[in-house]
Amino acid sequence: MGRYHVYGIGNALVDIEFRVTPEDLSTLGIDKGVMTLVEAAHQSELVQALREQQVHRSAGGSAANTVIALCQLGGSGFYSCKVADDELGHLYIDDLQANGVDTNAREHSEPGDTGRCLVLVTEDADRTMCTYLGITGDLGPGEVVPEALRDSDWLYIEGYLATSDTARAAVAHARGIAREAGVRTALSLSDPNVVRLFGEGLREMIGDGVDLLFSNEHEALEISGSRDLDDAVAALQRLAGRFVITRGARPAVVYDGASLTEVPAHPVKPLDTVGAGDIFAGAFLYGLGEGWPATRAAELANGIAARLITSYGPRLDRPTMEGLRDEFTSATA
């Protein structure tokens with residue numbers, strides 16, 4: 001076992017969350033339920049228009065949320081990212097450290113704007129994101145820390161990196177190091193828009209396949225080019241040694257490399273689905289790190305994701321995560 005259970009790489013984004021209505025989104029010309037890249041000036045206009053609805057901000061980005069969840073549960077994680085030497089960059093690094101995540105950003109930051117993501121949550125618990133990448137748009141091979149990666153069990157890659165040439169180069173560099181060191185690779189498809197608009201870059205990052213793939217049903221259907229879940233399952237079997245397809249309130253589909261299993265979701269009334277897939281991946285990877293079979297890891301992940309979506313924000317606090325872990329392990333011992 002390496003020093004780190006998971007070495008993550010992704011876009012460092014400060015999440016700024018707003019509660020909005022579908023009418024707000026329509027008025028602002030924003031496509032509902034997906035992630036859209038925007039320029040700084042456009043994002044500033046949106047912040048100004050929605051300033052009364054702001055509710056929360058925290059260190060975010062898909063892979064960051066996953067690594068933070070893993071560490072909150074008791075795992076060990078390293079996160080490679082790029083932040084600026086500004087107020088949001090300092091907030092970001094402090095938040096990572098407060099959650100026990102080691103990072104390259106602690107030693108190195110540059111002038112510029114730290115990336116930020118406006119997370120717009122509607123009453124149906126759907127999330128719509130408008131992302132200004134800022135300095136993380138220049139994330140590249142220089143942000144990879146080879147010694148930390150070699151000392152890890154898993155390399156975890158967020159699909160959002162497919163949107164950037166330099167980020168894809170960073171992924172290729174990291175995957176090469178991981179392959180030489182015998183570190184397994186996991187990747188999340190991240191967002192249907194990423195699959196639809198940056199599918200070629202995403203497939204480039206997947207390359208000849210990954211050891212573990214995380215996807216929701218919409219992303220799985222998009223990457224398979226099908227409307228049939230069975231076709232999507234067959235497509236993912238060609239891309240990954242193991243995978244999980246989350247399906248909201250319906251059972252998750254878990255493939256452990258040999259068999260397919262449906263793991264029931266927990267019935268809850270969702271308020272906010274922001275971060276659900278990220279926290280699921282973190283909990284699932286924690287379970288694998290504990291030596292659990294994939295189905296048991298998915299049971300923990302389903303329970304934690306269900307708890308997350310009953311509150312606002314992309315994360316739970318450490319005491320809540322530890323309590324959920326202890327409750328689960330006691331019930332399934």
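Biologist: Happy to look at this one with you! How are H9 and H10 oriented to each other?

Modeller: Glad to help, and please keep in mind that this is a predicted model. The axes of helix H9 (residues 217-224) and helix H10 (residues 229-239) cross at roughly 75 degrees and come within 8 Å. Angles of 65 to 115 degrees count as roughly perpendicular. H9 and H10 are therefore roughly perpendicular.

Biologist: Nice. How many charged residues are there in the contact of H9 with H10?

Modeller: From H9, the contact takes Glu-217, Ala-220, Leu-221, Ile-223 and Ser-224, and these meet Leu-229, Asp-231, Ala-232, Ala-235, Leu-236 and Leu-239 in H10. Eight of the contact residues are nonpolar and one is polar, while the number of charged ones is two.

Biologist: Let's move on to another pair. Why are H3 and H11 described as oblique to each other?

Modeller: Helix H3 (residues 62-72) and helix H11 (residues 276-289) have axes 7 Å apart. Roughly parallel would need an angle under 35 degrees, and roughly perpendicular starts at 65. H3 and H11 are therefore oblique, with a packing angle of about 40 degrees.

Biologist: Which class, nonpolar, polar or charged, has six residues in the contact of H3 with H11?

Modeller: H3 brings Ser-62, Asn-65, Thr-66, Ala-69 and Leu-70, and H11 brings Asp-278, Ile-279, Ala-281, Gly-282, Leu-285 and Tyr-286. Four of the contact residues are polar and one is charged, and the class with six is nonpolar.

Biologist: H11 also packs with H12. Is the crossing of H11 and H12 left-handed or right-handed?

Modeller: The axes of H11 and H12 lie 8 Å apart, at an angle of about 145 degrees. Among the residues that meet are Phe-280 and Phe-284 in H11, and Leu-300 and Ile-304 in H12. The contact holds 15 nonpolar residues, two polar and no charged. As for the hand of the crossing, it is right-handed.

Biologist: One last thing, for pocket hunters. Which helices each supply at least two residues of the lining of the second largest pocket?

Modeller: The second largest pocket holds about 190 Å³ of space. Its lining includes Glu-299, Leu-300, Gly-303, Ile-304, Leu-324, Glu-327, Phe-328 and Ala-331. By class, the lining has seven nonpolar, two polar and two charged residues. The helices that each supply at least two of the lining residues are H12 (294-308) and H13 (318-332).

Conventions: Residues numbered from 1 in each chain as written. Predicted model: local features only at pLDDT ≥ 70, side-chain atom pairs only at ≥ 80, totals over all residues. Heavy atoms only, no water. Axes fitted to C-alpha atoms, helices over the stretch in contact; angles between N-to-C directions. Helix = DSSP H or I, 4+ residues; strand = E, 2+ residues; numbered from the N terminus. Parallel < 35°, antiparallel > 145°, perpendicular 65-115°, else oblique. Contact = heavy atoms within 4.5 Å. Nonpolar A, V, L, I, M, F, W, Y, C, P; charged D, E, K, R; others polar. 1 Å grid on protein atoms, 1.4 Å probe; cavity = no way out; pocket = protein on both sides within 12 Å on 5 of 7 lines; lining within 4 Å. Points joined across faces, edges and corners; volume = space filled by probe spheres on them. Left-handed = near helix turned anticlockwise from the far one by under 90°.
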